[in-house]
Amino acid sequence: HRQPATTTTNETKNPPQEYENDHHHHLDSEDKPKTPPHILPPQEKQNILEMSLVTKRGPQFPGSIYANSLPSLQSVIQTQNEDDEDDEEVMIRRALDIRRKVTAEVFKAAMKKGKFGITYSTNLVNRLPDFIDHVMIEAAALKRSPEFKDSTFNLRAKLVIDHSNVVPLIRWLKHNNLSYPKIAKLICMSKGNLDSIRRLVEWLKTVYVKGEFLGATLLKSGDDILHRRLEELDEIIDYLESNGVRRDWIGFVISRCPRLLSYSMEEVKTRVDFYLNMGMNENDFGTMVFDYPGVLGYFTLEEMNQKVNYLKEFGLSTEDVGKLLAFRPQLMGCSIEERWKPLVKYLYYLGISRDGMRRMLTIKPMIFCFNFETTIAPKVQFFRDIGVREDAIGNMLVKFPPLLTYSLHKKIRPVVIYLMTKAGVTEKDIGKVIALGPELLGCNIAKTLEVNVKYFLSLGIRVRQLGEMIGDFPKLLRYKVDLLYPKYRYLRRTMVRPLQDVIEFPRFFSYSLEERIIPRHKIMVENRVNFKLRYMLACTDEEFNQRVADKVERRQRFESGRMDDAVSDSQMAEGTLGKTASSSLSS
């Protein structure tokens, strides 16, 4: 009995150690002041955040450092939120960045499974920030579903990627010649609706857009192109086709001007009517759009009206401007302030009037698409250098506007060098030759100039004489040998004229053999008169007939004068003989 009593007494006098510890802990918590929570350095917080959010963790085992030594992410954020609200925003941003990295890695894994290379996958994923965010948000939303409540983020992100069929879509777009930057931009434009990309690409193929232009067409058609109904696009295509744009041209037009697909039907009709109201027919309009699709979609209606009004200032009517644009629609792509006004000012400086500019514009409108400083001014300076007079340059350009479209180093300069070295044109005469015959600069050296030079030299004409002939008549080298030979043969065999006549009058080859040379030669033969080639051919029919009549009259007077002299001489002779006879008889 003592033993239990002793035990009770001991328990009363000496309480258990646990009670004592709890009592001391209670006293300490009441008496000791509270210490502030431990603030982790930023680098340590970031490490905890990364290790808490990263999905692929290292192997865990009892007693591992990560499991026992690091505080939980929740305790870190709660502790820091009490001190600094800005730090909370930083932590959230870092958490999102880490989630993005994890999502990107999941996406790369899906690309690898789809047989894409590491480099291609990395380059593509780096250009998909919007789609990565979309996958991350959708994966987070799946957490609310009871089915995926306990699943990992990796599993949910992989499920979203697989369900979107983005990897097969990338493979299909790559097969259609789209580069990875274009594929990435298209995926981001789709805003998660990836089926719209495939649907629109298939539609573009039906209107004959080629594979290499599919990506550029999609990207330049506007941000809302993936969300437009195909019926609206079909309506635009049918309207263009009804106004002269052939069906097999549509793909070319759209690929060069994708912005057309972003316009409403009313906007397209307004733009088409703008050109049709200038007198264009359907054929002219369709050809114009095919030649320069941007004429229909790249410029605002205000810009188009301003350019048409400026062209009218050269004295052109609305119908003339319509014909001009149908022939050279690239004019619509030129700036009034940067291209046309400086060119007009320069042409005025060369002495070209408004009428001259109108002639240049109607004959070679491409001139008004050039930058005069880099294209026209160097050619004008070259003409000055070879001796073309200042006042003749403007007349030369108005006479032959295509001259300004030729390359200075590939066309103009080689022709000038050939004329001076092979055709006998002197340095003194080369300026006159070019001023009188600028068309020579458009001739092919091997096929035209060289052939003609060899022909004239084969006739016995010397190089120096040929140069003088060209100086007198630069057009001489532009004729075909097939036309020169019959005229020369008639001159030598039928007219029996010397070669010197051709050297003195090379324009002989410019007249028609059947309509001018032969008829006038017959008249000369019938009337027994003869003229130099210059007086025979270089006049009108009335002037020629008058010359023949005058020549015949002079000959008749000459012949009649000789007859009178002969009669008087015979009479004098008869009188002398009579006197002699009478004297002899008287004797």
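The following dialogue discusses how to read several features of a predicted protein model.

Student: What is the overall make-up of this protein in terms of helices and strands?

Tutor: The structure is a predicted model, and the protein has 33 helices and 0 strands. Of its 587 residues, 40% are buried. The accessible surface comes to about 34,100 Å², and carbon and sulfur atoms account for 52% of that surface.

Student: Among contacts between residues at least 6 apart in sequence, what share joins residues at least 24 apart?

Tutor: That share is 71% in this protein.

Student: What is the mean pLDDT of the protein, and what percentage of its residues reach 70 or more?

Tutor: pLDDT expresses the predictor's confidence in each residue, on a scale from 0 to 100. Here the mean is 81, and 81% of the residues reach 70 or more. Over residues 1-38, however, the pLDDT is below 50, and this stretch has 5 contacts in the model beyond near neighbours in sequence. Residues 63-73 also stay under 50, with 15 contacts beyond four places in sequence.

Student: Let us turn to single residues. Is Asn452 buried or exposed?

Tutor: A residue is called buried when its relative accessible area is under 20%. Asn452 has a relative accessibility of 2%, and therefore counts as buried. The residue belongs to helix α27, which covers residues 445-458.

Student: Which residues does Asn452 touch, leaving aside those up to four places away in sequence?

Tutor: Asn452 touches Leu476, Leu477, Arg478, Tyr479 and Val481. With Leu477 there is a further detail: a polar atom of the Asn452 side chain lies 2.5 Å from the backbone oxygen of Leu477.

Student: Where is Pro378 placed, and which residues does it touch?

Tutor: Pro378 is in helix α23, residues 372-385. Not counting residues up to four places away in sequence, Pro378 touches Phe372, Glu373 and Leu408. Leu408 is 30 residues from Pro378 along the chain, yet their C-alpha atoms are separated by 7.9 Å. Pro378 is partly exposed, because its relative accessible area is 32%.

Student: What is the C-alpha separation of Thr270 and Leu301?

Tutor: Their C-alpha atoms are separated by 8.8 Å, and the two residues are 31 apart along the chain. Thr270 lies in helix α16, residues 265-276. With a relative accessibility of 38%, Thr270 counts as partly exposed.

Student: How many aromatic pairs are there, and how is such a pair described?

Tutor: The general description of a pair of aromatic rings uses the distance of the centres and the angle of the planes. The count here comes to 20 aromatic pairs. One of them joins Phe274 and Tyr275, whose ring centres are 5.1 Å apart and whose planes stand at 90 degrees, an edge-to-face arrangement. Phe274 has a relative accessibility of 14%, so Phe274 counts as buried. Tyr275 is buried as well, because its relative accessibility is 0%. Another edge-to-face pair is formed by Tyr455 and Phe456, with 5.7 Å between centres and 65 degrees between planes. Both Tyr455 and Phe456 are buried.

Student: Which residues do ring pairs link into a cluster?

Tutor: The cluster consists of Tyr310, Phe314, Trp340 and Phe368.

Student: Which residues lie over the face of Tyr120 and of Phe213?

Tutor: Lys174 lies over the face of Tyr120, at 4.4 Å from the ring centre. Over the face of Phe213 lies Arg256, at 4.5 Å from the ring centre.

Student: What is the phi of Asn165, and where is this residue found?

Tutor: Most residues other than glycine have a negative phi. Asn165 has a positive value, near 60 degrees. The residue is found in the loop between α9 (153-164) and α10. Asn165 is partly exposed, because its relative accessible area is 44%. At the other end, α10 is followed by Asn177, whose phi is positive, near 70 degrees. Tyr208 also has a positive phi, of about 70 degrees, and lies in the loop between α12 (195-206) and α13 (211-219).

Student: Which residues of helix α10 are buried?

Tutor: In α10, which covers residues 166-175, the buried residues are Val166, Val167, Leu169, Ile170, Trp172 and Leu173.

Definitions and conventions. Residues numbered from 1 in each chain as written. Predicted model: local features only at pLDDT ≥ 70, side-chain atom pairs only at ≥ 80, totals over all residues. Heavy atoms only, no water. Helix = DSSP H or I, 4+ residues; strand = E, 2+ residues; numbered from the N terminus. Buried < 20%, exposed > 50% of the residue type's maximum accessible area, 1.4 Å probe, protein only. Phe/Tyr/Trp six-rings, centres within 6.5 Å; stacked < 30°, edge-to-face > 60°. Lys NZ or Arg CZ within 6 Å of the ring centre and 35° of its normal. Contact = heavy atoms within 4.5 Å. Polar contact = N/O pair within 3.5 Å; in protein donor to acceptor, adjacent residues only side chain to side chain. Areas by Shrake-Rupley, 256 points an atom, 1.4 Å probe, with all protein chains shown as cover.
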